[in-house]
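Trainee: I have a chain in front of me and do not know where to begin. Could we go through it feature by feature?

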Amino acid sequence: MTDTLAALRSLMSAHSPPLHALIVPSEDYHQSEYVSARDKRRAFVSGFTGSSGLALITMNEALLWTDGRYFLQAAQQLSDQWKLMRMGEDPAIDIWMADNLPTDAAIGVDTWCVSVDTAQKWERAFAKKQQKLVQTTRNLVDEVWNNRPPAQANPVIVHPLQFAGQSVADKLRTLRAKLVQEKGRAMIITALDEVSWLYNVRGSDVSYCPVAHAFAIVTLDSAFFYVDRRKMSTEANSYIEENGIIVRDYGDVSSDVVLLASNQLTPSPTKEFLRNLEIDGGNAANKGNGDSHAVEFVNDLIWVDPGACCFALYSKVSADKVLLQQSPLALAKALKNPVEMEGLKKAHIRDGAAVVQYLVWLDKQMQEIYGACGYFQEAECTKQKKQLGTKRLTEVSVSDKLEEFRASKEHFRGLSFPTTSSVGSNAAIIHYKPETETCAELDPDCIYLFDSGAQYLDGTTDITRTVHFGKPTPHEKSCYTAVLKGHISLGNAMFPNGTNGHALDILARIPLWKDGLDYRHGTGHGIGSYLNVHEGPHQISFRPSAKNVPLQVSMAVTDEPGYYEDGNFGIRIENVLIVKKGNTKFNFGDKGYLSFEHITWAPYQRKLIDVSILVPEEIEWLNEYHAKCREILAPYMNTSEMEWLMKATEPIAV
């Protein structure tokens, strides 16, 4: 790591202009949350492997910023060459750079790896001291990364209409109507899941995310797909051509954006094309007067999502001709169509069955190997652990078993993120990822938390359960019950149309706040339809970004409060919810009301619940949910599994 920093500083000194600092973001050219192995530049230079973070290297210091999910992990992984900067507690990176770097400092970054929003924010901060953001002539990290993983040519896969539920033609028609409405003539699409969703294709270029590295440009009469041509099979090429999409090399997007900016990429739309869009006359003068020369086309903007588009592409377009606005595809993708919704529900049923089968297996193993009292009984272990050399259960070996159960289910295509399989103090690391060489052995006297999900052709899943196979302490039970109460409170919310996730986040925290407890992550995120497990634009969170968009019917969102006690244990409970119309007695203001429906099916562990803390309504809800688990999962259970599930879902006396 020291050699890497020294090599980077040498390149910084030799750069023209010489750089006072180098920013190394986590993101790839598409501003992705999860990136391919060859794009993990920040992890390479710092040693910190979490999905979120930003490294800053100066001539004398190396600093890493990350959020509350990763404070513990970063503290463990960073060497003494690095200083951890805690987001929300320490100064933000733009403020730190403005305050600590010299006047006129040149701060380098590969602008392909930073969004328009972020770059402009930095530039505003730098302006106070005449500091400047410099686009490096090449990515300096790539220059010193000798064993950088090669680019892979994984095939682009056509996503069938039976799972997509909406044709490419319909999606393009809707997008173009939106373009006309916003006085746009084209849109540059850079987010990988948006490109995949729009063109109904999938890939495997990024682990856990079924996407292909690709860009798209859509104009009012053309559509372009920028991808490594080696990835295009005969079937994929035929499909793309049938949909009127032009395939271009991945690297051509840069020169094509220049052509687009000068209006040379595609011809202007015709009067007939505008009429076919069935738009109103607000965007074309004298529409329908029979004089083709009288039609004045005024749509001249290029739509760029400032949070998703890289600064490098944005910089090639004249600033006064850019519509900087969130991509309309983000919301369109989040509003699941009926086919996607049905698929999502079915995928979660199969996934819930896999989770229950896993718990049945794990319960038996913990009793046989470690003498644990098991999932249902609450007592100390009756036997000593077996001698060294006998069968052991580790965080990795049991998570592999969970994947086996999922892999046996219809339409399984892989995991949706690295499984958090964590025992005791490791469970306090919010996004803990166990490694074979260093992971812990399961311990019946400690809490076990697993946060996991899968990719199925008909939907993406995400579920967290926290269990104990020995005797939980009163404190552990109290904390678990507070988390459960918050989970139930949010899931049972009734709220008016127009409510955003920022307003609802508090519902999951109030039971924890009553005991002076809290957690450092958001409470809910959108989830894709055989796409990314984290999907916007909506979220349920204390962060201001959760005010971005109101929750709407047919959105899917997680409900996942938690509590993490450093060095001791972690608790999280997570289900996926869908937003539906609420059934209220009244309708104040004629707003219409919304509610949630749970589509995740797996029991909550009875012996971790302090029933005395629950109110009758919460007990009633638990009993109803558990009854549905029995009914919905029964077709997937064998006799012994069903017996276990019946016991796990026995009603709690009110």
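**Reading the chain part by part**

Mentor: Start with the record. An unreviewed UniProt entry gives the annotation "domain: Creatinase N-terminal" to residues 6-137. Keep in mind that the model itself is predicted.

Trainee: How much helix and how much strand is there over residues 6-137?

Mentor: Over that stretch the chain is 31% helix and 20% strand, and its end C-alpha atoms lie 19 Å apart. The unreviewed entry also has "domain: Peptidase M24 C-terminal", covering residues 592-652. There the figures are 46% helix and 10% strand, with 34 Å between the end C-alpha atoms.

Trainee: Into which domains is the chain divided?

Mentor: Domain 1 is 4-144, domain 2 is 157-268 + 298-334, and domain 3 is 338-649. Note that domain 2 is written as two segments.

Trainee: How many residues of domain 2 are in contact with domain 3?

Mentor: For contact, look for heavy atoms within 4.5 Å. On that rule, 19 residues of domain 2 touch 25 residues of domain 3. The centres of these two domains, taken over C-alpha atoms, are 35 Å apart. About 1700 Å² is buried between domain 2 and domain 3, and 61% of that is on carbon and sulfur atoms.

Trainee: Which three residues supply 38% of the area that domain 2 buries against domain 3?

Mentor: They are Phe163, Tyr208 and Ala334, and no other three residues supply more.

Trainee: How many salt bridges and polar contacts are there between domain 2 and domain 3?

Mentor: For a salt bridge, check whether a side-chain nitrogen of Lys or Arg is within 4 Å of a carboxyl oxygen of Asp or Glu. The count between domain 2 and domain 3 is 1. The side chains of lysine 333 and glutamate 535 form a salt bridge, at 3.4 Å from N to O. As for polar contacts, 4 residue pairs are found across the interface of domain 2 and domain 3.

Trainee: Which elements give two or more residues to the side of domain 2 that touches domain 3?

Mentor: Helix 7 (161-164), helix 9 (192-199) and helix 14 (328-334) do. By type, the residues on that side are 11 nonpolar, 5 polar and 3 charged.

Trainee: What should I look for in the backbone?

Mentor: Look for exceptions. Most peptide bonds are trans, and most residues other than glycine have a negative phi.

Trainee: Where are the cis peptide bonds you would point out, and what is omega for each?

Mentor: One joins serine 16 and proline 17, with omega about 0°. Proline 17 sits in the loop between helix 1 (2-14) and strand 1 (21-25). Another joins glycine 536 and proline 537, with omega about 5°. Proline 537 is part of strand 25 (residues 535-540).

Trainee: Is the phi of histidine 411 positive or negative?

Mentor: Positive: phi is near 70°. Histidine 411 is in the loop between helix 16 (395-407) and strand 17 (412-415).

Methods. Residues are numbered from 1 along each chain as its sequence is written. This is a predicted model: local features need pLDDT of at least 70, side-chain atom pairs count only at pLDDT 80 or more; totals for chains, interfaces and linings use all residues. Side-chain values use heavy atoms; hydrogens and water are left out. Domain bounds come from an automatic or database domain assignment. Buried area is the accessible area (1.4 Å probe) that two parts lose on being put together, summed over both. A polar contact is a pair of N or O atoms within 3.5 Å; within protein, one must be able to donate a hydrogen and the other to accept it, and residues adjacent in sequence count only if both atoms are side-chain atoms. Helices (H or I, at least four residues) and strands (E, at least two) are DSSP runs, numbered from the N terminus. Ala, Val, Leu, Ile, Met, Phe, Trp, Tyr, Cys and Pro count as nonpolar, Asp, Glu, Lys and Arg as charged, and the others, Gly among them, as polar. UniProt positions are given in the numbering used here, feature names are shortened, and annotations may be inferred rather than shown by experiment.
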